[in-house]
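Work through these exercises with the structure open beside you. Try each task before you read its solution.

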Amino acid sequence: MINRNVQEDLKQLDSIFKESGLSRRDALKMMGLGGAGLVVTGTEASAATSVQASDAKGKIVIVGGGLSGVATAAKLTNSLSNPDITIIEPNPNSVSYQPGNTLIGAGLWTKDAVTYETKDFMPNGVKWIQDKAVEFNPTANELKTAKGEVIKYDFLVIAAGLVNDFGMIKGLEEVGEVYTSSQEDAVKAKKILGQNGLCSVYFTEGAVDTWTQMQKFVADAKSGKKVTGVFPEPHTPFKCGGAQKKITNLVDARLNEAGARANADLQFLTNGKKLFGVPEYHAAIESQMKTRNVNVRYEHKFTELDLVNKIAKFEKHWEVKGAWDADLEEFTMETKTEPLEVKYDFCHVIPPAKAPNEIAKSPLGSEKGWVPVNNETLQHKVFPNVFSLGDIAAVPLGKTGGSARKQYAVLCTNLIALMEGKEMTAKYDGYTVCPLITSIGTVMLAEFKWKAADGTGAVAAPSFPLDPTQERWIYWLLKVYLLKPMTMYGMLSGRA
Ligand SMILES: Cc1cc2nc3c(=O)[nH]c(=O)nc-3n(C[C@H](O)[C@H](O)[C@H](O)COP(=O)(O)OP(=O)(O)OC[C@H]3O[C@@H](n4cnc5c(N)ncnc54)[C@H](O)[C@@H]3O)c2cc1C
């Protein structure tokens, strides 16, 4: 079991590199991260004093003090000579390195490796209002908090992330909505999730219980029992498209470690026709699943969980040629469906995601709830003094910390340009990254971005000349030892 703070991570990493004859700097360069300046020291944001600092003025209010909100506040603090920044965030505790939940779920980290007090990462000089923004009046440039305070702003950044809506899955209505780091939500969710083989790493307490359930599953297989593990992906948007694949691979690894893999049937079910939007990554993952003897089923919509009988229910769907359309002079396509029930001993649930109601249903939300922004500038499509980033922004391919890392730099540059009355020139290109854990000790680093500037399509975007479809140990080191310090000390101080 590995639970460490950042300094311990780096010490351990350095000793691994030393054994391999590498310095940390060289290893970072090999991973294509040399430019990130990640010889991590633990920097803090403070008002800029350099000659490059902008003298632009205006009150900036940021809704959400998670990963994107704090990174944005820190970078703005570093870039403005007289920053006036307020963050509205209700939660006293945070988890900004949420990818760590996956490692907790497989018993590689413990909970305190990812949780921290929100106040500890607030940038210097930023005013924190510990409350929830509940009403928005963007024409009057003001919002209201749950405690009734009316807050005026000149510029607004929406960085409120997303809500895990387990209630959208029939059978899990009682679990309802769960924020990843909310202790209160966890208490409610744990009444159903985290027992009887059912679990989810999408909230931190749930990740802890995932490890307990995984151990039971492995122990049953080891005892000679024939067991089934079910790994469904929802048909709705969800954060981190790679998470279910990672959990599947980690269960496979733990079973192998116990010498019990032969007794387990692992089933991965997805609503789509592919495992990844980028063709070469899809091919690589499909081949990895085949090698690991995971039964992949495409075009299966996850519809229901029967908690009493431990059955996951799906709707298999496919298209067939229908009647001839004389007007269009072509055959119509008809969708056929067929129910499928899979009895499980272990089932890892990925919750459908939605934007928090108070924003989704406000004038700032789109029809689907996400905040509509220009894909490239991240400026709101209706209210020019409003920007959005992270999980809540209606940006294709997003909903990862990797995309937030690129977005916050673009947003800050454009917001400052707007404050200075200049043209906004910074553009987000859809870049994101999924360090796909393929086993304990290997990761495939799937980096990709939009194919076209309007956000359609996806193409591989490797940072350096190594085949990105290969599983590598060096990327495991990146995932387990470096991405957390990059997030906590790079992003949250606005410097990486
Ligand atoms: C299991 C798991 C694995 C993941 N793996 C990866 C990975 O491998 N790679 C990767 O890049 N990403 C991964 N991610 C995704 C990544 O963690 C998120 O995309 C990222 O944290 C989003 O940052 P955010 O700032 O948008 O949201 P958050 O960090 O969730 O912050 C949103 C904040 O807004 C606050 N808030 C909400 N509503 C309001 C309101 N009305 N008023 C005020 N505040 C509000 C919330 O309390 C919260 O603190 C993973 C996520 C999970 C759950």
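**Exercise 1. Describe how helix H3 meets helix H10.**

Solution. Start with the axes. In this predicted model, helix H3 (residues 67-79) and helix H10 (residues 401-419) have axes that come within 9 Å and cross at roughly 40 degrees. Next, the hand. The crossing of H3 and H10 is right-handed. Now list the residues. H3 contributes Leu67, Ser68, Ala71, Thr72, Lys75, Leu76 and Ser79. H10 contributes Gly401, Ala404, Tyr408, Ala409, Leu411, Cys412 and Ile416. Last, sort them by type. The contact of H3 with H10 holds 9 nonpolar, 4 polar and 1 charged residues.

**Exercise 2. Check the span of H3 and decide whether it is enclosed or open.**

Solution. Take the span first. H3 has 13 residues, and at 1.5 Å a residue they should span 18 Å. The end C-alpha atoms of H3 are 18 Å apart, so the two values agree. Then look at burial. A residue is buried if 20 or more other C-beta atoms lie within 10 Å of its own. In H3, 13 of the 13 residues are buried, so the helix is largely enclosed by the rest of the structure.

**Exercise 3. Set out the open sheet of 5 strands and place H3 against it.**

Solution. Write down the order. It is S5-S2-S1-S9-S21, and the pairing is parallel. Find the edges. Strand S5 (127-129) and strand S21 (386-388) each have a single partner strand, so one side of each is left without a neighbour in the sheet. Add the twist. On average, neighbouring strands of this sheet are turned by 20 degrees against each other, direction ignored. Zoom in on one pair. Strand S9 (residues 155-158) and S21 run parallel and are joined by 3 bridges. Val157 has Phe387 of S21 as its bridge partner. Now bring in the helix. H3 packs on the sheet and touches strand S1 (60-63), strand S2 (85-88) and S9. The direction of H3 makes about 170 degrees with that of S2.

**Exercise 4. Set out the open sheet of 3 strands.**

Solution. The order is S11-S10-S20, with antiparallel pairing. Strand S11 (177-178) and strand S20 (353-354) are the edge strands, each pairing on one side only. Strand S10 (residues 163-165) and S20 run antiparallel, with 2 bridges between them. One bridge partner to locate is Ala353 in S20, which faces Asn164.

**Exercise 5. Examine two hairpins, S17 with S18 and S22 with S23.**

Solution. Begin with S17 and S18. Strand S17 (residues 311-325) and strand S18 run antiparallel, joined by 13 bridges. Glu315 stands opposite Pro339 in S18. The hairpin leaves 4 residues between the strands, and Glu329 takes a positive phi near 55 degrees. How many residues of S18 are buried? Of the 14 residues in strand S18 (residues 330-343), 1 is buried, and the strand is hardly covered.

Move on to S22 and S23. These strands run antiparallel, with 7 bridges. Cys434 has Ala446 of S23 as its bridge partner. The hairpin has 2 residues between its strands, and Gly441 in the turn has a positive phi of about 115 degrees. In strand S22 (residues 432-439), 7 of the 8 residues are buried, so S22 is largely enclosed by the rest of the structure.

**Exercise 6. Decide whether Met444 is buried or exposed, then find what it touches.**

Solution. Locate it. Met444 is in strand S23 (residues 442-450). Count neighbours. Met444 has 23 C-beta neighbours inside 10 Å, so it counts as buried. List the contacts. Leaving out residues up to four places away in sequence, Met444 touches Ala284, Leu436, Thr438, Thr469, Gln470 and Glu471. Compare sequence with space for one of them. Met444 and Thr469 are 25 residues apart in sequence, and their C-alpha atoms are 6.2 Å apart.

**Exercise 7. Describe strand S13 and its pairing with S14.**

Solution. In strand S13 (residues 227-232), 5 of the 6 residues are buried, so S13 is largely enclosed by the rest of the structure. S13 pairs with strand S14 (residues 264-269) in the parallel sense, over 6 bridges. Phe231 stands opposite Phe268 in S14.

**Exercise 8. Sum up the whole chain.**

Solution. Count the elements: the chain has 11 helices and 24 strands. Then burial: 48% of the 496 residues are buried. Finish with contacts. Among those between residues at least 6 apart in sequence, 65% join residues at least 24 apart.

Note on methods: Residues numbered from 1 in each chain as written. Predicted model: local features only at pLDDT ≥ 70, side-chain atom pairs only at ≥ 80, totals over all residues. Axes fitted to C-alpha atoms, helices over the stretch in contact; angles between N-to-C directions. Left-handed = near helix turned anticlockwise from the far one by under 90°. Contact = placed C-beta atoms within 7 Å. Nonpolar A, V, L, I, M, F, W, Y, C, P; charged D, E, K, R; others polar. Pairing = 2+ DSSP bridges. Expected span 1.5 Å × (residues − 1). Buried ≥ 20, exposed ≤ 12 C-beta atoms within 10 Å, placed from the backbone.
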